[in-house]
Amino acid sequence: MVRLGLRPRMEAGLVLYSLEPVEGARAGTVVDTAVAADELARWPQVPPHWIHLPGAVTLARTNSRLSPRSGWTMHSRQVASWGNDDPGVAWASHVRGVLGEARA
């Protein structure tokens, strides 16, 4: 994440980072997001399942539950495998794609 310029930081069991989606309602704005540190234990063989987003970011179609971070929601996203892509680049692209679906 550091190599990709996502400015990661640890807070209460989450790795928070910031990225900018290239399409959708949030395109062109920096969005804070997170992944649970324990979901990174088997990285990159097993990609994380949950994307944590501020509550103000809403997705049209999602399976969600409350994040342990106050005011945030975690969204279920299954990634079967990365193929031959760099795992960091693939994860950032995956999250940008999810954010591209944001309604607000």
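This report covers the nonpolar cores, aromatic contacts and salt bridges of one chain. The model is predicted.

**Nonpolar cores**

The largest nonpolar core holds 16 residues. Y17, V95 and L99 make the most contacts inside it. Strands β2 (14-19), β3 and β4 and helix α1 each supply at least two of its residues. Helix α1 gives the most, with five. A second, separate core has five residues, including L14, A34, A36 and W72. In soluble globular proteins, nonpolar side chains tend to be buried together.

Y17 has contacts along the chain, not counting residues up to four places away in sequence. Among them are M1, L6, P8, V31, V35, W91 and V95. Polar and charged partners are also on the list, including R7, R9, D32 and T33.

**Aromatic contacts**

The whole structure contains one aromatic pair. W43 and W91 meet edge-to-face, 6.5 Å centre to centre, with 85° between the planes. W43 sits in the loop between β3 (31-36) and β4 (50-54), while W91 belongs to helix α1 (residues 87-99). The two are 48 residues apart, so the pair links distant parts of the chain. W91 is buried at 3% relative accessibility. W43 is partly exposed at 28%.

Elsewhere, R69 lies over the face of W72, at 5.0 Å from the ring centre.

**S18, D32 and R9**

S18 lies in strand β2 and is buried, with a relative accessible area of 6%. Its side chain makes a polar contact with the side chain of D32 at 2.5 Å. Beyond its neighbours within four places in sequence, S18 also touches L6, R7, R9, V30 and V31. D32 in turn meets R9 in a salt bridge. That bridge joins strand β3 to strand β1 (residues 9-11), across 23 residues. D32 is partly exposed at 32% relative accessibility, and R9 is partly exposed at 31%.

**Salt bridges**

A search of the whole structure finds five salt bridges. Three of them are listed here.

| Pair | N to O distance |
|---|---|
| D32 and R9 | 3.5 Å |
| E101 and R61 | 3.1 Å |
| E101 and R77 | 3.6 Å |

R61, R77 and E101 are linked in a network. E101 lies in the segment after α1, and R61 in the loop between β4 and β5 (64-66), so their bridge ties together parts 40 residues apart in sequence. R77 is in the loop between β6 (72-76) and α1, so its bridge to E101 spans 24 residues. Burial varies within the network: R77 is buried at 13%, E101 is partly exposed at 31%, and R61 is exposed at 60%.

Methods: Residues numbered from 1 in each chain as written. Predicted model: local features only at pLDDT ≥ 70, side-chain atom pairs only at ≥ 80, totals over all residues. Heavy atoms only, no water. Phe/Tyr/Trp six-rings, centres within 6.5 Å; stacked < 30°, edge-to-face > 60°. Helix = DSSP H or I, 4+ residues; strand = E, 2+ residues; numbered from the N terminus. Buried < 20%, exposed > 50% of the residue type's maximum accessible area, 1.4 Å probe, protein only. Lys NZ or Arg CZ within 6 Å of the ring centre and 35° of its normal. Core = buried A, V, L, I, M, F, W, Y, C linked by side-chain atoms within 4.5 Å. Contact = heavy atoms within 4.5 Å. Polar contact = N/O pair within 3.5 Å; in protein donor to acceptor, adjacent residues only side chain to side chain. Salt bridge = Lys/Arg side-chain N within 4 Å of Asp/Glu carboxyl O.
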